[in-house]
Amino acid sequence: MSGHRQRRDLGSAPEAGGEVVRTGASLLPSRLFHEAVAQAQVAISITDASATILYANAAFGRITGYQPEEIIGHNEAFLSDHSTPREIYESLWSSIKSDRPWSGYLVNRHKTGARYLAELTITPVQAQDGSSYYLGMHRDVTPMHSLEQRVRNQKALIESVVDAASMPLVVLDEAGRVVLDNQAYKKLIGDFGVGEPAAEFLRLLQADMGPAFEAARSGGRGFERQEVMVGPPTSNRQRWFSCSGVWFRERDPSAEAFFHDRRQTYLLLVANEISHLKQQQEELYATALRALTAEQELVQSLQEALAGASFQFQGPLNLIGAATGILDRRVDACEDTAALQRVLRHALEAGREAQAMIRQSMPMRPPEAVTPVSFNGILRDVLSMYTNRLLAEGVVVDWRPAPQLPGTTGREGRLRGMFKQLVDNALDAIPLGRAAERELCIVTADTGDGILVRIDDNGPGIPEEDRLRVFEPFYTTKGAGGSGGMGLGMVQEVVAEHDGTVAVGRSDLGGCRVDLYFPLRRQVLGGP
Ligand code: FAD
């Protein structure tokens with residue numbers, strides 16, 4: 001509101017016609033100065049040292065509503081609306097009394113009684129005789145002020161609406177800088193701990209949407225409900241957000257863009273957290289998977305039981321067959337022998353019929369199609385089915401999926417059942433180990449020509465001499481109540497269906513390690 005010390009020299013009065021004024025190299029008639037002031041479009045007044053008006057130009061009359069003759073001889077206070085705070089006048093007078101120009105805003109009253117906001121500059125001027133004058137210049141800035149105020153009000157309104165929104169909302173400029181955000185977004189910054197959440201959302205959206213993101217930006221279309229997951233995929237601290245965005249363009253407010261239609265593009269990004277919803281969906285999915293797997297397991301256990309019964313039948317049948325053969329070859333056959341032969345043949349036929357019936361009553365597995373499969377996805381599904389058991393048994397799972405696995409094909413249901421069997425085995429074995437902490441580690445890796453899945457546990461492990469035998473049907477270390485020794489047999493069967501290999505070894509955790517290797521298969525195979 002104030003300026004540097006300055007006093008203009010009133011060498012010649014404006015009305016002093018005929019005289020000349022030296023301005024640098026040229027000489028201008030002083031009359032010209034008078035006319036310049038008189039015709040200026042800004043309200044100009046000249047007062048004495050106590051602000052009594054001595055001169056006022058035509059613009060002064062237009063802005064205040066008073067003709068010069070109505071106000072000459074009056075104090076400038078005549079214009080006051082008496083609503084300007086006293087401190088403003090004190091600052092004004094303290095400045096001009098010290099020969100410093102003053103600039104500021106006062107509320108004036110027009111002759112009609114209407115208030116207007118005057119932007120005023122007062123410059124102290126000293127005449128050649130040493131007497132002090134003040135040159136006042138003011139203009140009505142009411143329209144500009146009300147416009148400014150309206151813009152401010154609108155900004156405040158937008159900010160409070162944005163702030164009140166319960167979901168994180170942020171506006172980013174072309175360089176990705178945050179130019180506006182709300183409380184929910186600020187809270188997110190705190191939750192994320194490091195970095196700018198919006199930058200992370202943009203990175204994930206660009207990665208997930210690919211070229212569609214750029215197309216949405218250049219086409220000005222925006223995007224809706226794009227789901228992104230924030231947080232390490234291996235931890236359970238993942239958070240899901242549904243992101244919607246719209247790009248808008250705004251005129252560049254800088255001076256250099258005044259005559260050019262330069263525009264800035266901004267992105268309004270809304271990130272609605274849907275972690276809770278996702279969790280519910282995942283629970284539903286896990287429940288559905290559990291039901292599906294339980295059905296598959298039932299079919300499988302029936303198959304195993306009947307295959308076991310048929311297998312058990314085979315031994316006695318072989319014996320009866322051999323005995324019949326011996327009797328057939330005997331030369332000293334008598335009546336008794338012939339009767340025994342008949343009985344044995346009868347028994348053999350009845351046994352074979354029973355075995356055939358058992359085979360026929362084996363439930364057939366519905367053929368499963370070969371489709372593109374995600375090993376990481378299948379393993380994640382299996383782990384989600386075990387969430388409750390893992391928590392209840394206090395098993396720490398170290399789930400380390402490869403960030404990117406090559407695409408391959410397979411029978412998803414069979415693979416899921418196989419991994420479930422292996423996780424089951426590990427969870428059954430872990431409590432038998434001596435480690436205080438129960439650990440299960442599942443790793444997937446891209447080997448270049450295939451996919452490796454490694455399952456480690458810290459149970460008692462499998463002794464070296466048993467590592468091949470465990471794949472034999474009916475070989476079990478679990479005793480009654482186990483899977484009857486068909487579990488790893490089934491694993492080997494599924495692995496073979498996928499042209500893979502399986503090996504059992506010693507885990508770094510101290511227990512059992514199962515390494516499964518699946519070569520890449522891109523072609524879609526036929527039914528089972
Ligand atoms: P006042 O009682 O006159 O003064 C209020 C305070 O101003 C006092 O406490 C004192 O600190 C200071 N003050 C007033 N007169 C003097 C003085 N002669 N010497 C030292 N301090 C003083 N006012 C407007 O409201 N609108 C205008 O457009 C306007 N234009 C002006 C143009 C010029 C060139 C000058 C020199 C002054 C202008 N003023 C204007 C200021 C005006 O003269 C009054 O000071 C102001 O209006 C306050 O008047 P008041 O009667 O309410 O209070």
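Of the 20 residues around the ligand, those that come nearest are Asn 75, Arg 86, Tyr 89, Trp 93 and Asn 108. The structure is a predicted model, and every value in this report is to be read as computed from that model.

## The ligand and its shell

Three of these residues can be described through polar side-chain atoms that face oxygen atoms of the ligand. For Asn 75, a polar atom of the side chain lies 3.0 Å from an oxygen atom of the ligand, while for Tyr 89 the corresponding separation between a polar side-chain atom and a ligand oxygen is 2.8 Å. In the case of Trp 93, an N or O atom in the side chain is 2.7 Å from an oxygen atom of the ligand. Taken alone, the ligand exposes 910 Å², and the protein buries 75% of that area.

The shell around the ligand draws at least two residues from each of helix 4 (86-97), strand 6 (102-109), strand 7 (115-127) and strand 8 (132-140). Which of these elements gives the largest share of the shell? It is helix 4, with six residues. Sorted by class, the shell is made up of ten nonpolar, six polar and four charged residues.

Helix 4 also borders a loop that holds a residue with an unusual sign of phi for its type. Asp 99 is found in the loop between helix 4 and strand 6, and its phi is near 65°, a positive value in a residue other than glycine. With a relative accessible area of 19%, Asp 99 counts as buried, because the cut-off for that class is under 20%.A second residue with positive phi is Arg 225, where the angle is about 45° although the residue is not a glycine. Arg 225 lies in strand 11 (residues 223-230) and is exposed, with a relative accessible area of 61%, a value that falls in this class because the cut-off is over 50%.

## The cavity

How many cavities of 30 Å³ or more does a search of the whole structure find? The search finds one, and the space in the largest cavity is about 30 Å³. The residues that line the largest cavity are Phe 375, Thr 408, Thr 409, His 498, Phe 518, Pro 519 and Arg 521. Two strands each supply at least two residues of this lining, namely strand 16 (408-410) and strand 20 (512-519). By class, the lining has three nonpolar residues, three polar residues and one charged residue.

Strand 20 is also the place of Asp 515. The side chain of Asp 515 is joined to the side chain of Arg 454 by a polar contact of 2.6 Å. Is Asp 515 buried or exposed? Asp 515 is buried, with a relative accessible area of 18%.

## Residues in other elements

Four further residues can be placed by their element, their accessibility and one C-alpha distance to a residue elsewhere in the sequence. Pro 431 is in the loop between helix 13 (412-429) and strand 17 (438-446), and at 39% relative accessibility Pro 431 counts as partly exposed. Asp 449 is in the loop between strand 17 and strand 18 (450-457), and Asp 449 is partly exposed as well, with a relative accessible area of 49%. Both residues are assigned to this class because their values lie between the limit for buried, under 20%, and the limit for exposed, over 50%.

Gly 245, by contrast, is in strand 12 (residues 239-251) and counts as buried at 8% relative accessibility. Leu 488 is found in helix 14 (residues 487-497), where at 13% relative accessibility Leu 488 counts as buried.

The table lists the C-alpha distance from each of these four residues to a partner, together with the separation along the chain.

| Residue | Partner | Separation in sequence | C-alpha distance |
|---|---|---|---|
| Pro 431 | Gly 231 | 200 residues | 31 Å |
| Gly 245 | Thr 265 | 20 residues | 13 Å |
| Leu 488 | Thr 293 | 195 residues | 17 Å |
| Asp 449 | Phe 311 | 138 residues | 38 Å |

Read with the placements above, the table links the buried Gly 245 to Thr 265 at 13 Å, and the buried Leu 488 to Thr 293 at 17 Å. For the partly exposed Pro 431 the distance to Gly 231 is 31 Å, and for the partly exposed Asp 449 the distance to Phe 311 is 38 Å.

Note on methods. Residues are numbered from 1 along each chain as its sequence is written. This is a predicted model: local features need pLDDT of at least 70, side-chain atom pairs count only at pLDDT 80 or more; totals for chains, interfaces and linings use all residues. Side-chain values use heavy atoms; hydrogens and water are left out. On a 1 Å grid over the protein atoms alone, a cavity is a set of points where a 1.4 Å probe fits but cannot get out, and a pocket is an open set with protein on both sides within 12 Å along at least five of seven lines; lining residues have an atom within 4 Å of a point. Grid points are joined across faces, edges and corners, and a volume is the space filled by probe spheres set on the points. Helices (H or I, at least four residues) and strands (E, at least two) are DSSP runs, numbered from the N terminus. Ala, Val, Leu, Ile, Met, Phe, Trp, Tyr, Cys and Pro count as nonpolar, Asp, Glu, Lys and Arg as charged, and the others, Gly among them, as polar. A residue is near a molecule or strand if one of its heavy atoms lies within 4 Å of it. A polar contact is a pair of N or O atoms within 3.5 Å; within protein, one must be able to donate a hydrogen and the other to accept it, and residues adjacent in sequence count only if both atoms are side-chain atoms. Accessible areas come from the Shrake-Rupley method with a 1.4 Å probe; for residues, only the protein chains shown count as cover. Buried means under 20% relative accessible area, exposed over 50%, partly exposed in between (1.4 Å probe, protein chains only).
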